[in-house]
Amino acid sequence: MLDNSPSIDSEKFSFSNNNSIRGFEVIDDAKAQVESICPGVVSCADIAAVAARDASVAVGGPSWTVRLGRRDSTTASRSLADSDIPRATTSLVNLIGMFGGKGLSERDMVALSGSHTIGQARCVTFRGRIYDNSSDIDAGFASTRRRNCPSASGNGNNNLAPLDLVTPNSFDNNYFRNLIQRRGLLQSDQVLFSGQSTDSIVTEYSRNPSLFSSDFAAAMLRMGRYRTTDWFSRRDTKGSVDPRNEGTKDLHFRMDPDEKLIKHVLL
Ligand code: HEM
C-alpha cells in the first residue's frame, strides 16, 4: 500500500484498514532484500501475493503457484477502498454484490471468508453482535466474548478476540463448524450461515476440509488475477522478453529459525 503524499490519499487510512491492517514491515523488508538481489523486477504486489500463499502454508493451509508479474499501482483511492471493501456489518446480499463486482462468486466468497480460520478482530468490529441479544449468536459464546469487550462504545475498542475460537492459529475448517453453532465472531461471518443462500456451502466446507482447502486456493488465484491483464515480464540484457520468465515463475520465501529475518530465493 502506498503512503500518503500530496497526490495520494492512501487506502491505509480507509475505514477498514485504519488501525487494523498490520505487517507492512514484513513486506518492506522482503522488498528491500529482493531489490538488493534483483533490482527493479519484483513488485510489492507480487511479494504480498507470495507472502499470503506462504502464510497459508505456514499455518497448515493449502499452497498454490502464484502468477507473478503483477505491477504495482502508482495511484491510490481511499474513497474507493471505503466503498468497495466489505465491513463486519455488511449484509449477505451486499457481500455477494461486492464480491460479484470483482468477478468472484458466492462460493469464492465463502471459501475466502474461511481465511478467518486464523487471525484476530478488535472489539469495535464485533461489539454490536455480542450485545444485541439476537437469536443468531450462541448465548455462551456471546457471554465469553463480552468479558473482554465492554459494551460502552469507545471502551476497549482495540481488545482482540480470535476469529476462530477453536483453533485460532491453524488453517482448518473449524471456522465453518463454528458458524453452524452460531459462533461466528463477526456479523459478516455469521450471515454466511443464517438461513440464506450460502448455508449449503458452509455445510459442505464444515464436512469436507480438503474441498475447502482446494476451493480456497482456487479463489485466492482468482482474486489475485482481478483486473490484471498487463503482466510484467523480465527482460534480458538486450531488452527482449525472456519467455522463461514470462509471468509464471515462482518466488519462495524462507523463514529463519527465529522467524524474524526472511530470506528470499528467486528460483
Ligand atoms: C467477506 C468479507 C470480509 C469482511 C467483512 C472481513 C472483515 C474483517 C474484519 C472486520 C477483521 C478484523 C479487523 C480488525 O479488527 O482490525 C478481519 C480480519 C481478518 N481478515 Fe477479513 N473480512 C472479509 C474477508 C476476508 C478475506 C477475503 C480475507 C483473505 C482472503 C480475509 C482475511 C482476514 C484475516 C487474515 C484477518 C485477521 C487479521 C489479523 O489477525 O491481523 N478477510 N476481517
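1. Helix 5 is a convenient place to start in this predicted model. Its buried residues are Asp-108, Met-109, Val-110, Ala-111 and Ser-113. These buried residues pack against four other helices: helix 4, helix 9 (187-190), helix 10 and helix 11.

2. Helix 5 also takes part in the surroundings of the ligand. Helix 5, spanning 106-113, and strand 1, spanning 120-122, each give at least two residues to the shell around the ligand. In total, 20 residues surround the ligand. The closest are Ser-20, Leu-112, Gly-119, Ala-121 and Arg-122. By type, the shell is made up of eight nonpolar, nine polar and three charged residues.

3. Val-110, already listed among the buried residues of helix 5, belongs to the largest nonpolar core as well. This core has 20 residues, and those with the most contacts inside it are Val-110, Leu-179, Leu-192 and Val-202. At least two core residues come from each of helix 4 (92-100), helix 5, helix 8 (174-180), helix 10 (199-207) and helix 11 (209-225). Another core, of nine residues, lies apart from this one; Val-34, Ile-47, Ala-48 and Ala-49 are among its members.

4. Leu-179 can be followed further. Its contacts, leaving aside neighbours within four places in sequence, are Gly-184, Asp-189, Gln-190, Leu-192, Phe-193 and Val-202. Two of these partners, Leu-192 and Val-202, are listed with Leu-179 among the residues that have the most contacts inside the largest nonpolar core.

5. Glu-11 deserves a separate point. The UniProt annotation "binding site", from an unreviewed entry, covers Glu-11. In the chain, Glu-11 is in the segment before helix 1 (24-37). Is Glu-11 buried or exposed? Glu-11 counts as buried because it has 22 C-beta neighbours inside 10 Å, where the cut-off is 20 or more. Not counting residues up to four places away in sequence, Glu-11 touches Met-1, Asn-17, Ala-76, Arg-78 and Ala-81.

6. Some totals place these details in the whole protein. The protein has eleven helices and four strands. It has 267 residues, of which 27% count as buried. Among contacts with a separation of 6 or more, 65% are between residues 24 or more positions apart.

Terms used:
Residues numbered from 1 in each chain as written. Predicted model: local features only at pLDDT ≥ 70, side-chain atom pairs only at ≥ 80, totals over all residues. Near = placed C-beta within 6 Å. Nonpolar A, V, L, I, M, F, W, Y, C, P; charged D, E, K, R; others polar. Core = buried A, V, L, I, M, F, W, Y, C linked by C-beta atoms within 7 Å. Buried ≥ 20, exposed ≤ 12 C-beta atoms within 10 Å, placed from the backbone. Contact = placed C-beta atoms within 7 Å. UniProt positions renumbered as here; feature names shortened; annotations may be inferred.
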